[in-house]
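I am opening a fresh page for a structure that I have not looked at before. My plan is to begin at the ligand and then to work outward to the whole protein, ending with a single residue.

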Amino acid sequence: MSLLITGSIGLDSVKTPLEEHHDLLGGSASYAAVAASFFTPVNLVGIVGDDFPKPYLDLYRKRGINLDGLEIAPGKTFRWSGEYEWNMNNRRTLSVALNVFEKFNPTLPAQYRTAPFVFLANISPQLQMHVLSQVAKPQFVVADTMDLWLEIAREALLELLKRIDCLILNESEARALMKETSLIKAGRGILKLGPKYVCIKKGEHGCLLFGPDLFFSAPAYPLEDIHDPTGAGDCFAGAFTGYLTKAGKVDHATLRKAVIYGSVIASFNVEAFSLGRLQTLLPAEVATRYQFFQHMSHFEFGAV
Ligand code: AMP
């Protein structure tokens, strides 16, 4: 089993109240691919410019990520910069430069076209559909999105929703998409737009998974020190889809486990800037934190 991932690959500048770093490896697909690589082989589709640092390519390779679908084009790599407040749930985008992404029109390598599992990480819904249309018969398609596309590409996003199996988005995006204050109504409403499942991320308050006869609520890991929240959502989604790919099936028990593995990998990623923490992360550490999640929410049935 292998997982096809597309999305942005970029160089990020990130400022928190305590630290500032430039030209970090970032982009939704970078985070998602590295997170997924803990569970399954990944085929990456994306574009970078000829200024993209070679050590970042090596980082993907060290994680076993297949780069046959990565285009290195003349020009500059996608760049994003953002600044966090003391409340790190609040982030301001300072700049975005699409650069080589402006002319990205990928043709998938032949071996990518039979991918059973697909993750469309955050990028324009038009581009997500362009990639998806080249996959022959995907078994399960997961997509992420962001507030920008709700504002400037709503129709394309609604079209995408009809073609995917699971949408992952954060709580403010879910409310904005459905024009709804209740998150529960928003979640159930999104299911009527096409996807069979929807996963709503609530940052440090965990996440909710909705589906037919399924409602699952997962807590977040109680981390004391968050150094850089960038990419937490992408890591969650990458690990979630990576685990489903490894399992090769999508039943309720597998989906619940996938949500917890997503939460585990995301919680490690925020411990350092960029993908620093995932580069040293060991499978045994993943297993220990997964067990912590199990114990954290366990309770016995009790008759009143
Ligand atoms: P997240 O923290 O999950 O929102 O993801 C942050 C990542 O998204 C950063 O590494 C950025 O490079 C990337 N990003 C920011 N804006 C966009 C955009 N408009 N399209 C695609 N990726 C973006």
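**Entry 1: the ligand and its surroundings.** Which residues are the closest to the ligand, and how many surround it? I note beforehand that this is a predicted model. I looked up the shell and found that 16 residues surround the ligand, with S8, D12, G27, G231 and D234 listed as the closest. When I sorted the shell by class, I counted six nonpolar, seven polar and three charged residues. I then asked which elements contribute, and I wrote down that strand β6, residues 78–84, and helix α8, residues 232–247, each supply at least two residues of this shell.

**Entry 2: polar atoms facing the ligand.** I next looked at individual atom pairs between side chains and the ligand. For D12, I found a polar side-chain atom 2.4 Å from an oxygen atom of the ligand. An oxygen atom of the ligand also lies 2.9 Å from a polar side-chain atom of R91, while for S8 the partner is a nitrogen atom of the ligand, at 2.8 Å from a polar side-chain atom. I also checked how far the ligand is covered: taken alone it exposes 510 Å², and the protein buries 89% of that.

**Entry 3: the whole protein.** Stepping back, I recorded 11 helices and 13 strands in the protein. I wanted to know whether the overall extent suits the chain length, and since a compact globule of 304 residues would have a radius of gyration near 19 Å, the protein's value of 18 Å agrees with that expectation. Along the principal axes, the C-alpha atoms fill a box of roughly 70 × 45 × 35 Å. Of the 304 residues, 54% are buried, and the protein exposes about 13,900 Å², of which carbon and sulfur atoms supply 53%. I also looked at contacts between residues at least 6 apart in sequence, and 64% of these join residues at least 24 apart.

**Entry 4: one residue, K257.** Is K257 buried or exposed, or does it fall in between? I first placed K257 in helix α9, which covers residues 252–269. Its relative accessible area is 37%, and because buried means under 20% and exposed means over 50%, I noted K257 as partly exposed. Leaving aside residues up to four places away in sequence, K257 touches Y243 and Y290. Finally, I looked up the C-alpha atoms of K257 and Q294, which are separated by 9.9 Å although the two residues are 37 residues apart along the chain.

Definitions and conventions:
Residues are numbered from 1 along each chain as its sequence is written. This is a predicted model: local features need pLDDT of at least 70, side-chain atom pairs count only at pLDDT 80 or more; totals for chains, interfaces and linings use all residues. Side-chain values use heavy atoms; hydrogens and water are left out. A residue is near a molecule or strand if one of its heavy atoms lies within 4 Å of it. A polar contact is a pair of N or O atoms within 3.5 Å; within protein, one must be able to donate a hydrogen and the other to accept it, and residues adjacent in sequence count only if both atoms are side-chain atoms. Accessible areas come from the Shrake-Rupley method with a 1.4 Å probe; for residues, only the protein chains shown count as cover. Helices (H or I, at least four residues) and strands (E, at least two) are DSSP runs, numbered from the N terminus. Ala, Val, Leu, Ile, Met, Phe, Trp, Tyr, Cys and Pro count as nonpolar, Asp, Glu, Lys and Arg as charged, and the others, Gly among them, as polar. The radius of gyration is taken over C-alpha atoms; the globule rule is 2.2 Å times the number of residues to the power 0.38. Buried means under 20% relative accessible area, exposed over 50%, partly exposed in between (1.4 Å probe, protein chains only). Contact means heavy atoms within 4.5 Å.
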